[in-house]
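This report describes selected features of the structure shown below, with attention to its helices, strands and buried side chains.

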Amino acid sequence: GAGKSTLLHMAARLIDPDAGAIMIDGQDIGKTSLASIRRAIGIVSPDLPLMRGSISYNLRYRWRDAPNDEVHKVTELCDLQEMIASFEKGEEHRLQEGGQNLSLGQRHRLALARALLGNPAILILDEIDANLDPLAATVVDRVLDNFQGTVLMVTRTESRLAKADAVWHMENGRMIKVDPVSTREIQARS
């Protein structure tokens, strides 16, 4: 309720601010094409569930014409090969709205693969670690350890906070920078 998700959604230009501007690399993203933003930013959020349609449709949502080798790369990184192979139609297996016919861990991994396709410069993770199964948690940690761009993340997981270059806490509608070493303080306030 402090506005963390709203702030991340503004950074991904899913919503625009009522006043002011969101600047990334010195550019007002409000003046940048949505197509350019979608190529540069991948996002995983509970507010962006999987859609009804095939696994392939969901994987390629950000990059419709993605080459198969790029799709294979993210499915491997997110440990989806076995899941996809378990379906008779493979990538053409149809998902229910929100991916309800997958386990929660499978949904998390598929949403992460969708966000990573095309190697975006910025990866936004909004509460990705909520309700992760052990495999999905391992995948998230592997992605965070190897991602070459910028990660903006809302998390309550202390081990992920400890890896951050900068930690911010929302308090009374304001962002306050916190020393990453003192992440226990954030846990106590959450």
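## Helix 6

The structure is a predicted model. Within it, helix 6 spans residues 104–116, a run of 13 residues. From its first C-alpha to its last this helix reaches 18 Å, close to the 18 Å expected at 1.5 Å a residue. Beyond the helix comes Gly118, which has a positive phi, near 90 degrees.

Helix 6 is mostly covered, with 11 of its 13 residues buried. The buried set includes the leucines Leu110, Leu112 and Leu116. Polar or charged side chains also belong to this set, among them Gln106, His108, Arg109 and Arg114.

## The largest nonpolar core

The largest nonpolar core holds 31 residues. Within this core, the residues with the most contacts are Ile55, Leu80, Leu110, Leu112 and Leu116. Two or more residues are given to the core by each of helix 3 (55–59), helix 4 (68–77), helix 5 (81–86), helix 6, strand 6 and helix 7 (134–146). Helix 6 supplies the largest share, 6 residues.

The surroundings of Leu80 illustrate the link to helix 6. When neighbours within four places in sequence are left aside, Leu80 is in contact with Gln106, Arg109, Leu110 and Ala113, as well as with Leu59 and Thr75. Of these partners, Gln106, Arg109, Leu110 and Ala113 are among the buried residues of helix 6.

Another core, of 12 residues, lies apart from the largest one. Its members include Ala11, Ile29, Ile41 and Val154.

## Strand 3 and its pairing

Strand 3 comprises residues 41–44 and is covered on both faces. Ile41 and Ile43 lie on one side, Gly42 and Val44 on the other, and all four are buried. Ile41 is also one of the residues of the 12-residue core.

Strand 3 pairs in the parallel sense with strand 6 (residues 122–126), over 4 bridges. Gly42 has Leu123 of strand 6 as its bridge partner.

## The aromatic pair

A search of the whole structure finds 1 aromatic pair. The pair is formed by Tyr57 and Tyr61 in an edge-to-face arrangement, 6.4 Å centre to centre and with 75 degrees between the planes.

Are these two rings buried or exposed? Tyr57 has a relative accessible area of 34% and is partly exposed. Tyr61 likewise counts as partly exposed, at 42% relative accessibility. Because a nonpolar core admits buried residues alone, and buried means under 20% relative accessible area, neither Tyr57 nor Tyr61 belongs to such a core.

Key
Residues numbered from 1 in each chain as written. Predicted model: local features only at pLDDT ≥ 70, side-chain atom pairs only at ≥ 80, totals over all residues. Heavy atoms only, no water. Buried < 20%, exposed > 50% of the residue type's maximum accessible area, 1.4 Å probe, protein only. Pairing = 2+ DSSP bridges. Expected span 1.5 Å × (residues − 1). Phe/Tyr/Trp six-rings, centres within 6.5 Å; stacked < 30°, edge-to-face > 60°. Core = buried A, V, L, I, M, F, W, Y, C linked by side-chain atoms within 4.5 Å. Contact = heavy atoms within 4.5 Å.
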